[in-house]
Amino acid sequence: MIIFPAIDIRDNKCVRLSQGNYDKETVYFDDPFSVAQDFQNRGVKNLHIVDLDAALIGELTNFDIIKKIITDTDMLVEVGGGIRGEEQIKKYVDIGVDRVSIGTKAVKDFEFLKEMSGKYPYKISLSLDVKDEYVYIKGWSENSGILIWDYLDKIKDLPLTSIVVTDIKKDGMLSGPSFELYRKLKKATKHNIVVSGGVSSLNDINKLKEDDTYGVIVGKALYENKFSVEDIIC
């Protein structure tokens, strides 16, 4: 199972939100690059970065600090937040990003996702935010009206590297992932599913491993010292 420690960047700081609410922000570190360096020094091979500012305004606000992380560490980095067009994807791919994560744009414009996954095969990671089995968009503020099962069927033939599925009710709450949801998702698609939201303990990690989960993003639990990096990557 691939472990993706998460760095969410807002105003050039490392933060976490509760259930995606920008008004419920906790600042953990002032320097995201130092956090990335520390992760690498402790054995991390894969990293998940979200530009929260870009997610709001659609511009790659924190591009410089993300580029520094890419160029000055050896980790494989997935980046998401505010991807609105090919120019942004290409900009990230050109600096060595391993996976570019697309959310709202992919849900609203299937033809765009189809075209980009064709141009950048296995460089695109789809990000789906889910609540009560419906896909939400625009920073979790709007129900797309699309059931995740229907959307998975629609994208079944696209060359995506993975699908990051965030359970909105669980994200940032340290209440454990929705294990049954992810088991169903694994059966519903041939794409690799990355679990996001709710991981709170080593027991959660072990359960996901037992379920033969492809990958998991871990954020708040690390920052709140529920377990260490070394505990989960060994």
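Asp132 sits in the loop between β7 (124-131) and β8. Helices (H or I, at least four residues) and strands (E, at least two) are DSSP runs, numbered from the N terminus. This is a predicted model: local features need pLDDT of at least 70, side-chain atom pairs count only at pLDDT 80 or more, and totals for chains, interfaces and linings use all residues. Residues are numbered from 1 along each chain as its sequence is written, and side-chain values use heavy atoms, with hydrogens and water left out.

**Positive phi**

Most residues other than glycine have a negative phi. The table lists some residues with a positive value.

| Residue | Place | Phi |
|---|---|---|
| Asp132 | loop between β7 and β8 | about 55° |
| Lys138 | turn of the β8 and β9 hairpin | about 55° |
| Asn225 | loop between α10 and α11 (229-233) | about 60° |

Asn225 is exposed, with a relative accessible area of 67%. Exposed means over 50% relative accessible area, buried under 20%, partly exposed in between (1.4 Å probe, protein chains only).

**The hairpin**

Strand β8 (residues 134-137) pairs with strand β9 (residues 142-147) in the antiparallel sense, over four bridges. Pairing requires that DSSP finds at least two bridges between the strands. Four residues lie between β8 and β9 in this hairpin. Tyr136 stands opposite Asn143 in β9.

**Ser200**

Ser200 lies in the loop between β11 (193-196) and α9 (202-210). Ser200 is buried, at a relative accessible area of 17%. Its side chain makes a polar contact of 2.8 Å with the side chain of Asp204. Such a contact is a pair of N or O atoms within 3.5 Å; within protein, one must be able to donate a hydrogen and the other to accept it, and residues adjacent in sequence count only if both atoms are side-chain atoms. Leaving aside residues up to four places away in sequence, Ser200 touches Leu174, Ser175, Gly176, Ala221, Lys226 and Phe227. Contact means heavy atoms within 4.5 Å.

**The cavity**

A search of the whole structure finds one cavity of 30 Å³ or more. On a 1 Å grid over the protein atoms alone, a cavity is a set of points where a 1.4 Å probe fits but cannot get out; lining residues have an atom within 4 Å of a point. The largest cavity has a volume of about 100 Å³, the space filled by probe spheres set on the points. Of its 13 lining residues, Arg16, Gly197, Gly198, Gly219 and Lys220 are the closest to its centre. β12 (215-218) and α10 (220-223) each supply at least two residues of the lining.

Note on methods
On a 1 Å grid over the protein atoms alone, a cavity is a set of points where a 1.4 Å probe fits but cannot get out, and a pocket is an open set with protein on both sides within 12 Å along at least five of seven lines; lining residues have an atom within 4 Å of a point.
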